[in-house]
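Me: Could you take a close look at one spot in this model for me, the histidine in a loop, and then walk me outward from there? Keep it chatty, please.

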Amino acid sequence: MKTILFIHQNFPAQFKNLAPSLVKKGYSVTALALQSNTPEHWQGVRVVHYSLNRHSSTELHPWVGDYEAKVIRGEAVFRQAMELKHQGYSPDLIIAHPGWGEALFIKDVWPDTRLALYGELYYQPDNHSHGFDPEFPQLEQDYRCRLRLKNTCNLLSLEQADAVLSPTHWQASTFPEKYRNKMSVIHDGIAADVIKPDPNASLTVNNTCFTAADEIVTFVNRNLEPHRGYHVFMRTLPLVLRRRPHARIIIVGGDGCSYGAPPTTEKSWKQIFIDEVRPLIPDRDWQRVIFVDHLPYTSFLNLLQISKVHVYLTYPFIVGWSLLEAMSTECSIIASATEPVREILEHNKNAILVDFFSILDLSEQICRLLSDPELQIRLGKAARKRVIASYELNSVSLPAQHQWIDRLLS
């Protein structure tokens with residue numbers, strides 16, 4: 001029986017479908033994880049938790065603090081892997097996410113085992129998300145230097161890797177040319193048989209039950225921040241609420257910071273832009289703006305199923321699963337015409353694409369789409385068709401991932 005080891009601090013993460021599918025195919029699958037909330041046996045996967053033996057230093061040069069944190073994780077994985085090796089464990093293939101340093105020393109434990117990496121992103125100092133939005137110049141002039149060092153972990157891991165798996169062509173394109181011959185592009189996959197339209201869906205928020213009969217505009221992110229266009233979307237609300245008196249705006253996301261820099265004030269990004277637009281919106285209209293910090297996954301799908309217009313904005317950065325999930329539920333989508341989005345969506349074919357910075361155009365397109373049910377249906381059906389053709393979990397992604405693994409093992 002072939003043995004496969006996954007390494008990810010927050011396992012299962014991007015491997016939530018791949019790992020259990022390999023168990024079903026007869027592989028012996030183990031995972032190394034930092035987070036202790038994953039049980040020791042999860043869908044047939046044996047989960048071994050590693051722990052950190054020290055914290056980051058406070059007296060190091062600030063540019064190397066991130067690298068030290070990754071070395072600490074790499075050492076912790078190394079020591080846990082050595083313990084597994086002493087117990088007689090030897091995987092045939094290791095699949096690791098290199099972003100937190102966990103793969104740095106794994107080849108020093110099993111030098112003859114093939115190592116495959118999940119290639120999520122290689123940081124670019126002058127393109128992509130950094131320096132994209134002129135409203136938020138980098139808070140520190142030395143950020144390019146920090147990014148160069150941030151890539152050190154990626155580079156050391158890439159040098160050891162036998163193969164790299166990247167979910168989109170845009171993400172693969174961020175990596176240096178010399179490593180792209182190792183890369184395969186296969187998306188994690190969207191379970192379209194589960195994530196699908198439901199005309200009878202409903203969602204109760206703040207003691208109010210919403211259905212597909214309501215005029216719902218949705219905006220969803222893990223955290224509400226400029227990287228995902230929260231500021232742009234909020235600035236559309238005065239016009240949209242004035243022109244669409246029956247529209248309800250449901251915004252889902254926390255008040256933390258997932259990707260970009262935190263604000264320089266004590267307020268969260270979420271509150272900063274509430275404070276900016278609130279004086280422009282009458283009380284009666286503001287009552288139609290609903291904020292939800294977090295939704296259980298089933299409720300999140302219900303929200304997409306009742307949405308009339310779903311807005312997805314992002315800097316040139318990793319495209320979130322929520323976009324493809326919205327497509328799979330036949331949402332009619334308005335999205336930013338940034339490069340990673342254009343790989344997935346085509347203007348006027350399966351979505352409406354707008355300039356990320358054009359608040360007026362985004363406002364007009366939201367109102368236009370809300371007033372055109374036929375266009376909503378056409379775009380929604382085309383969006384789901386795109387998911388099924390290119391990103392469907394069971395018919396596209398998993399078969400391609402299994403073939404990729406079979407090649408590595410052979």
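**Around H187**

Reply: Leaving aside neighbours within four places in sequence, H187 is in contact with P167, T168, W321, L324, Y391, S397 and Q401. Bear in mind that this is a predicted model. H187 itself sits in the loop that links strand 8 (183-185) to strand 9 (202-205). Is H187 buried or exposed? With a relative accessible area of 8%, H187 comes in under the 20% cut-off, so it counts as buried. The H187 side chain also has a polar partner close by in sequence: one of its polar atoms lies 2.9 Å from the backbone nitrogen of G189.

Now step back along the chain from that loop. Strand 8 belongs to an open sheet of eight strands, ordered 3-4-2-1-5-6-7-8, with mixed pairing. Strand 8 is one of the edge strands there, the other being strand 3 (41-42), and each of them pairs on one side only. Further inside the sheet, strand 1 (residues 3-7) and strand 5 (residues 93-96) run parallel and are joined by four bridges. If you want a pair to click on, I4 stands opposite L93 of strand 5. Helix 2 (residues 65-86) packs on this sheet, where it touches strand 1, strand 2 (28-33) and strand 4 (45-49). The direction of helix 2 makes about 125 degrees with that of strand 4.

There's a second sheet to look at. Six strands make it up, in the order 13-12-11-14-15-16; this one is open too, and its pairing is parallel. Strand 13 (289-292) and strand 16 (352-354) are at the edges with a single partner strand each, so one side of each has no neighbour in the sheet. On average, neighbouring strands here are turned by 20 degrees against each other, ignoring direction. Strand 11 (residues 215-223) runs parallel to strand 14 (residues 309-312), and three bridges join the two. Within that pairing, F219 stands opposite V311 of strand 14. Helix 9 (residues 297-306) packs on the sheet and touches strand 11, strand 12 (247-254) and strand 14, with its direction at about 140 degrees to that of strand 11.

To get a feel for the distances, try S173, which has its place in helix 4 (residues 169-173). S173 is partly exposed, at a relative accessible area of 33%. From the C-alpha of S173 to that of F219 you cover 28 Å, for a separation of 46 residues along the chain.

Carry on down the chain and you get to helix 12 (residues 359-370), a run of twelve residues. From first C-alpha to last, helix 12 reaches 17 Å, close to the 16 Å expected at 1.5 Å a residue. Its buried residues are L362, S363, Q365, I366, C367, L369 and L370. When you look at that list, remember that an α-helix has 3.6 residues a turn, so residues three or four places apart point the same way.

Last, the cysteines. How many disulfides does the structure hold? Zero. C153 is in no disulfide, and the nearest cysteine sulfur, belonging to C145, is 19 Å away. C153 is buried, with a relative accessible area of 1%, whereas C257 is partly exposed at 31%.

How values were computed. Residues numbered from 1 in each chain as written. Predicted model: local features only at pLDDT ≥ 70, side-chain atom pairs only at ≥ 80, totals over all residues. Heavy atoms only, no water. Expected span 1.5 Å × (residues − 1). Buried < 20%, exposed > 50% of the residue type's maximum accessible area, 1.4 Å probe, protein only. Pairing = 2+ DSSP bridges. Axes fitted to C-alpha atoms, helices over the stretch in contact; angles between N-to-C directions. Contact = heavy atoms within 4.5 Å. Polar contact = N/O pair within 3.5 Å; in protein donor to acceptor, adjacent residues only side chain to side chain. Disulfide = S-S within 2.5 Å.
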